[in-house]
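Reader: Please take a close look at one part of this model, the salt bridges and the helices that carry them. I would like the pairs described one after another, with the surroundings of each.

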Amino acid sequence: MARSQEATITNAERPGPSEQLWSVFEFARRYRLAKREENRLLMLYGPTASLHVLLANAQRHSLIS
């Protein structure tokens with residue numbers, strides 16, 4: 001019986017949760033980012049980026065001063 005190539009991928013080769021690509025739109029909605037911040041991330045990374053990169057670079061401005 002032939003195994004599929006996907007079945008032969010080891011755990012070390014699988015992308016972790018931080019390496020998975022996320023939609024910048026979905027990330028901005030989930031983390032309640034301002035439209036301006038969403039646009040900034042889109043200009044930097046395009047429509048998709050890894051979760052790690054998005055979390056490290058997103059800025060949330062407090063509504064309470």
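Author: Glu26 counts as partly exposed, because its relative accessibility is 27%. This value, like the others here, comes from a predicted model. The partner of Glu26 in a salt bridge is Arg29, with 2.6 Å between the closest N and O atoms. Arg29 has a relative accessibility of 55% and so counts as exposed. The two residues belong to helix α1 and are 3 residues apart, so about one helical turn separates Arg29 from Glu26.

In helix α2, Arg40 and Glu37 are likewise paired in a salt bridge, their closest N and O atoms lying 2.8 Å apart. Here too the spacing is 3 residues, so Arg40 and Glu37 stand about one helical turn from each other. Arg40 is partly exposed, at a relative accessible area of 29%. Glu37 is buried, since its relative accessible area is 6% and the cut-off for buried is under 20%. Returning to helix α1, Glu26 and Arg29 form one network with Arg30, joined by salt bridges that share partners. In total, the structure has 4 salt bridges.

Another pair is Glu38 with Lys35, where the closest N and O atoms are 3.4 Å apart. Both residues are part of helix α2, with a spacing of 3 residues, or about one turn of the helix. Lys35 is exposed, because its relative accessibility reaches 53%, whereas Glu38 is buried at 9%. Helix α2 itself covers residues 35-45.

Beyond its neighbours within four places in sequence, Glu38 is in contact with Val24, Phe25 and Ala28. Ala28, with residues up to four places away left out, touches Leu33 as well as Glu38. Val24, Ala28 and Leu33 are among the 9 residues of the largest nonpolar core, which also includes Trp22, Phe27, Leu41, Ala49, Leu51 and Leu54. At least two residues of this core come from each of α1 (24-30) and α3 (51-57). The largest share is that of α1, with 3 residues. Glu38, a buried residue with a relative accessible area of 9%, thus has contacts with Val24 and Ala28, both of which are members of that core.

Helix α3 also contains His52. His52 is exposed, because its relative accessibility is 52% and the cut-off is over 50%. The C-alpha atom of His52 is 6.7 Å from that of Glu19, although 33 residues separate the two along the chain.

Note on methods:
Residues are numbered from 1 along each chain as its sequence is written. This is a predicted model: local features need pLDDT of at least 70, side-chain atom pairs count only at pLDDT 80 or more; totals for chains, interfaces and linings use all residues. Side-chain values use heavy atoms; hydrogens and water are left out. A nonpolar core is a set of buried Ala, Val, Leu, Ile, Met, Phe, Trp, Tyr and Cys residues joined through side-chain atoms within 4.5 Å. Buried means under 20% relative accessible area, exposed over 50%, partly exposed in between (1.4 Å probe, protein chains only). Helices (H or I, at least four residues) and strands (E, at least two) are DSSP runs, numbered from the N terminus. Contact means heavy atoms within 4.5 Å. A salt bridge is a side-chain nitrogen of Lys or Arg within 4 Å of a carboxyl oxygen of Asp or Glu.
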